[in-house]
Amino acid sequence: MPVSKPTPFTTFQPLTLAVPHRPVNLEIKVSAPVTGRSLPIILLSHGHGETNYLSSMHGYGPLADFYAAHGFVVIQPTHLDSKVLGLREANNPEAPLYWRSRVNDMRYILDHLDKIEKSAPDLRGRLDSKRIAVVGHSLGGTTATMLLGQSVTDPATGPLKLADSRIKAGVAMAPAGNGADLTEPAKAQSPALATMKFDKMTKPALIVYGDDDFNPAFSARKNWRSDAYFQSPGPKSLLTLFGAQHSLGGVSGYDAKETTDENPQRVAVVRAMSWAYLRSQLYPGDRAWPAAVAALNRASQPLGKVESK
């Protein structure tokens, strides 16, 4: 896949933010190229997962390292649903998913970019706060779609406005689909997520979907995780990966045991295509995305296909 030449990057962790009324401080990991100024930003949201550390700022190395080596500042929070925090079974109305807290984490990070920039070594004055994207996988993909305009209604308080205008584009990898098609047990566990719709998700987004990503515990529809593309208005693109399951080849970690479809080539396609998409969205006129799509189509045995609207 055609991408820019990788460059060295540094990582600073943990950077701790005290968030009012949050049960624990918000810890983040910041990865950034060692050179360059006016650097675009990716907020990277981890999945829910069953492993201890992949569902935290310590996970998603295949994505975070790649993005940082190719010109992005990557900010990874540890959301409250991370197993490393031990709060999934807490007596908290948001447990175990903490879906609203996840969105609040991202907003808090954006509200305090200046503090983050000053706290991370050698980062002062190097961020471009006008070029911000969100990337997420699984529940992190749903965090991304919420920040991009997906609607959800809190049964107790009514419709929520979760989109953030500071985020210009995003990549949602294996996000949850339409809430109406959740199974009844899943609806009972999280009634708010049963209200999810995509008709107002207007921000540009790339949806990454594995055509073998099917879990009947969530929905009886096999293409449920592609809803964010088919049920939202444009501009959107869909990257369908042939034979990919929920881990999309292993995006959540290097040699992760929970990856059921381990495939380094597939991961390489996911990260290169998502990088190219965000380059072209954040820098109008950049040809990275059309070049990546053309390269995917030229492959003698393509690992996926792209469609756009």
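Visitor: Which residues lie nearest the centre of the largest pocket, and how many line it?

Guide: In this predicted model, the largest pocket is lined by 35 residues, and those nearest its centre are His-48, Ser-138, Phe-218, Arg-225 and His-246. A pocket here is an open set of points on a 1 Å grid over the protein atoms alone, with protein on both sides within 12 Å along at least five of seven lines, and lining residues have an atom within 4 Å of a point.

Visitor: What numbering and filters apply?

Guide: Residues are numbered from 1 along each chain as its sequence is written. Local features need pLDDT of at least 70 and side-chain atom pairs count only at pLDDT 80 or more, while totals for chains, interfaces and linings use all residues, and side-chain values use heavy atoms, with hydrogens and water left out.

Visitor: How much space lies in that largest pocket, and how does its lining divide by class?

Guide: About 880 Å³ of space lies in it, a volume being the space filled by probe spheres set on the points, which are joined across faces, edges and corners. The lining divides into 13 nonpolar, 16 polar and six charged residues, where Ala, Val, Leu, Ile, Met, Phe, Trp, Tyr, Cys and Pro count as nonpolar, Asp, Glu, Lys and Arg as charged, and the others, Gly among them, as polar.

Visitor: Switching to strands, is β10 buried or exposed?

Guide: Six of the six residues of β10 (residues 236-241) are buried, so the strand is largely enclosed by the rest of the structure. Buried means under 20% relative accessible area and exposed over 50%, with partly exposed in between, for a 1.4 Å probe and protein chains only; strands (E, at least two residues) and helices (H or I, at least four) are DSSP runs numbered from the N terminus.

Visitor: Which strands does β10 pair with?

Guide: Six bridges join β10 to β9 (residues 205-210), running parallel, and five join β10 to β11 (residues 304-308), running antiparallel; two strands pair if DSSP finds at least two bridges between them. Val-208 stands opposite Leu-239, and Leu-238 stands opposite Glu-307.

Visitor: And which residues of α8 are buried?

Guide: In α8 (residues 288-298), the buried residues are Ala-288, Trp-289, Ala-292, Val-293, Ala-295 and Leu-296. Seen down the axis of α8, they fall within an arc of 160°, taken from the directions from the helix axis to the C-beta atoms, so they line one face of the helix. What covers them includes β9, β10, α7 (264-282) and β11, with contact meaning heavy atoms within 4.5 Å.

Methods: On a 1 Å grid over the protein atoms alone, a cavity is a set of points where a 1.4 Å probe fits but cannot get out, and a pocket is an open set with protein on both sides within 12 Å along at least five of seven lines; lining residues have an atom within 4 Å of a point.
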